[in-house]
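Okay, thanks everyone, let me get the next one up on the screen. I'll go through a few local features and then finish with some helix packing.

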Amino acid sequence: MTDISQSLLLALQLILSMDSDLSEIVLRSLGISCTATLLATCFSLPLGATLAVCRFPGHRTVVVFLNALMGLPPVVVGLVVYLLLSRAGPFGEWGLLFTPTAMVIAQTILVTPIICALARQSVEDLWGEYSEQLRSLGAGRFASMVTLLWEGRFSLLTAILAGFGRAVAEVGAVLIVGGNIAHHTRVMTTTIALETARGDLRLALALGIVLICVVLAINAGVYISREHAQRASN
């Protein structure tokens, strides 16, 4: 118990002193996750709105498949990206394996189905409520999608924050494609796993505290966005 208390005290000292190694890992982790979430958002919002507004043969199958991808195992995504970026893979000549770019690609693949499925549901609910009104105003499909995306912006922010939470807490895929290389691809989750295995609880606890604070901030953001959405609807 004394060792744990001492490790916790040292972890707090690392955070308060803005330790350079700690700051580097945190900033790299946030940078990779923010980039992946931004890319996933750019793909997900238009696709989700299209699935919500447009109907086509196989639409239900696509929706079911998209919802299933929300539970995509991270290690499988990491393995697929690894095979694609390895020297024997189709994109091996780009030299992206074991780089932050590979980690962004893996996280983007993981986050996209989450944001897309939640965005589709949000826009579909709004489409059921405002479709007649939009048609009476002569709005086409594209104009309707843009309008609904704007009207549901607070709910969509919740979806985006949920995607970011998945990305920043991911360990399996980024460990496979990033390699957990010091000062290059080491992020919060992979460092926590490594330092815990080594028995260095000081850095692991410090990063764990920071990660929990990030998750709490995300949940607070989700709550605030929902409050704004409810007020806007009223």
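So, Cys-116: buried or exposed? Its relative accessibility is 1%, so Cys-116 counts as buried. Keep in mind that this is a predicted model. Does Cys-116 have a partner? Well, the closest cysteine sulfur to that of Cys-116 belongs to Cys-54, and at 13 Å that's too far for a bond; the cut-off for a disulfide is 2.5 Å between the sulfurs.

How many disulfides do we get by that rule? The count is zero. Take Cys-42, which is in no disulfide either: the nearest cysteine sulfur is the one in Cys-116, and that is 13 Å away. Cys-42 comes out at 52% relative accessibility, so we call Cys-42 exposed, whereas Cys-116, at 1%, is buried.

Okay, aromatics. If you search the whole structure, you find two aromatic pairs. Here's Phe-91 with Trp-94: the ring centres sit 5.1 Å apart and the planes make an angle of 45°, so this pair is tilted. For anyone wondering why it isn't called something else, stacked needs under 30 degrees and edge-to-face needs over 60, so 45° ends up as tilted. As for accessibility, Phe-91 is at 33%, so Phe-91 goes down as partly exposed. Trp-94 has 55%, so Trp-94 counts as exposed.

Another ring to look at is Trp-150. What lies over its face? That's Arg-153, at 4.1 Å from the ring centre.

Arg-153 also brings me to the helices, since helix 7 covers residues 153-168. Its neighbour here is helix 5, residues 100-136. In general, you describe two packed helices by the angle between their axes and by the distance between the axes. For helix 5 and helix 7, the axes come within 9 Å and cross at roughly 160°. Helix 5 and helix 7 are therefore roughly antiparallel to each other. And the handedness? Helix 5 passes helix 7 in a right-handed crossing. If you go back to Cys-116, you'll see that residue number falls inside the 100-136 range of helix 5.

Last stop, Asp-19. Where is Asp-19 found? In the loop between helix 1, which is 2-16, and helix 2, which is 20-53. With a relative accessibility of 22%, Asp-19 counts as partly exposed. Asp-19 and Leu-201 are 182 residues apart along the chain, and their C-alpha atoms are separated by 15 Å.

How values were computed: Residues numbered from 1 in each chain as written. Predicted model: local features only at pLDDT ≥ 70, side-chain atom pairs only at ≥ 80, totals over all residues. Heavy atoms only, no water. Phe/Tyr/Trp six-rings, centres within 6.5 Å; stacked < 30°, edge-to-face > 60°. Buried < 20%, exposed > 50% of the residue type's maximum accessible area, 1.4 Å probe, protein only. Lys NZ or Arg CZ within 6 Å of the ring centre and 35° of its normal. Axes fitted to C-alpha atoms, helices over the stretch in contact; angles between N-to-C directions. Helix = DSSP H or I, 4+ residues; strand = E, 2+ residues; numbered from the N terminus. Parallel < 35°, antiparallel > 145°, perpendicular 65-115°, else oblique. Left-handed = near helix turned anticlockwise from the far one by under 90°.
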